[in-house]
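Me: I'd like a close look at the salt bridges in this model, please. How many does the structure hold, and are the residues in them buried or exposed? A word on the largest nonpolar core would help too.

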Amino acid sequence: MHTSTTSTVPLQPWTAEQLQQAIQGQWHKQKLPQGEIKRILTDSRHAEAGDAFLALKGERFDAHNFVAQVAAQGCQIAIVDHPVDADIAQLVVKDTRFALGHLGAYRRQHNPQLKVIALTGSSGKTTTKEMLGSILSRLAPTLITRGNLNNDLGVPMMLLELRPEHHYAVMELGASHQGEIDYTSNLVQPHVAGILNIGTAHLGEFGGREGICRAKSEIYAHILPQGTAIVPAQDDFAEKIRENAQAHSILSFGEGGDIFATDIQLHPQSAQFNLHTPQGNRSVNLPFAGAHNVQNAAAATAFALAIGIALDDIVQGLEQAQGAKGRLNFIQHQHHLFIDDTYNANPTSMRAAAQVLLQQQGLKVMVMGDIGELGESSWQEHHDLGRDLASLPLEHLVVVGEFAEAAQQGSSHSEKLHAFATQAEALPFLINLVQTHQPQSMSFLFKGSRYTHMETLMADLMEKI
């Protein structure tokens, strides 16, 4: 899925002087454009008159090759790391990737009215972010990280969308290597920052969970003075996280923390609980399924309290929150239930999703795609998932992909586990499953890493039954 990096709302314009001031570049041949620059963009396909084009370089592409093209499309300025043969004003910098960061930081610094939350974690980031968006957007204009724009390019792209009317910003920070969150949290300058959990996502890049904990703890490095660090009370790395956050005042969430839930009742598509906070207690009807989402709601409460939001406003926001696309979305089709949890996956969230499926009606079928970015642990992690999921009271576990065999071996070849190398091979089996059990209702849950596109298999099945 291609996440759009373009906003539909008019952005705060720039002048040529502000651009130069932000990135400390040099004008090539002193050709200075006149008038306002309406936006900065990195995708040449969308370039038009009034834009500044920032030419990024990657391992397999170099956007400097498109500077002449954007000039022909009416673009006024190109931000480049070397002069290009094209009829366009060029602002030359050492590194265009860092220039994008400087532009994002400039926008952040020039919106002093803003209260900023930054969050990271191995799972639950998107849902917690959506909950916070629901709480804050009711109160004032709020900028919320869109899609997966949470890395060293995505974060400054989001900051470019800041406007004077924004009161709040909720920034999701992802880590695919050491130093990345240190870089992005410095751009964001949060008042409140925190870690939701330390799981096994991106294990391959960090060589272990200790490395993940180190990388994610970088989020505490740039909290503004008098700011607050949010930490999980219940995590294998809770003590280490608290130690990494000790330079700031700390608010913890989860069992044994400052903000926690009791009397939890899990329903097929929702949850009820009592929310305990230093500001008092409230009962909450949460429109999200699963114990893990109760934990996400406690985390969202901690972040919101830390920037001064009233508890009643928090509860109202939580009760009106909606899930992101591909995050435990419940779809009724014929007399079957399809749970679309295909946005992404890691071992922790896969186990949590299975618990949600167990709450549903009818025959329960879990369809699991591969989990990526686990490095050398991939085979073992899928093996353990096969073992754990096959032991649950599900009727069928359908595993698809390169590591289906590992899951099958983990399950000791349980009769309920069915392994397929491809979606094309899995589809006839799933169709047959539905036909065999007519007219019984079934509940399906589809989940896998983003690159596996498990939503395609789900859509194909829905079309065929």
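Reply: First, a bit of vocabulary: a residue is "buried" if its relative accessible area is under 20%, "exposed" if over 50%, and "partly exposed" in between, using a 1.4 Å probe and protein chains only. Keep in mind that this is a predicted model, where local features need pLDDT of at least 70, side-chain atom pairs count only at pLDDT 80 or more, and totals for chains, interfaces and linings use all residues. Residues are numbered from 1 along each chain as its sequence is written, and side-chain values use heavy atoms, leaving out hydrogens and water.

Now to your question. The structure holds 18 salt bridges (a side-chain nitrogen of Lys or Arg within 4 Å of a carboxyl oxygen of Asp or Glu).

Start with D43 and R45, whose side chains meet in a salt bridge at 2.7 Å, N to O. The two partners sit in unlike surroundings: D43 is buried at 14% relative accessible area, while R45 is exposed at 58%.

Next, find R97 and D152, also joined by a salt bridge, with their closest N and O atoms 3.2 Å apart. R97 belongs to helix α3 (residues 96–109), whereas D152 is in the loop between β7 (142–144) and α5 (154–159), so this pair ties together parts 55 residues apart in sequence. (Helices, H or I and at least four residues, and strands, E and at least two, are DSSP runs numbered from the N terminus.) R97 is partly exposed at 31%, and D152 is buried at 12%.

Then there's R387 with D388, a salt bridge of 2.8 Å, N to O. Here R387 is partly exposed at 41%, and D388 is partly exposed too, at 24%.

Salt bridges can also link up: K38, R39, E48 and D51 are linked in a network of them.

Finally, the largest nonpolar core (buried Ala, Val, Leu, Ile, Met, Phe, Trp, Tyr and Cys residues joined through side-chain atoms within 4.5 Å). It has 37 residues, and I117 and L318 touch the most other members. Elements that each supply at least two residues include β6 (115–120) and α11 (311–320), but α10 gives the most, with nine. Skipping neighbours within four places in sequence, I117 is in contact (heavy atoms within 4.5 Å) with residues including L132, M171 and F303.
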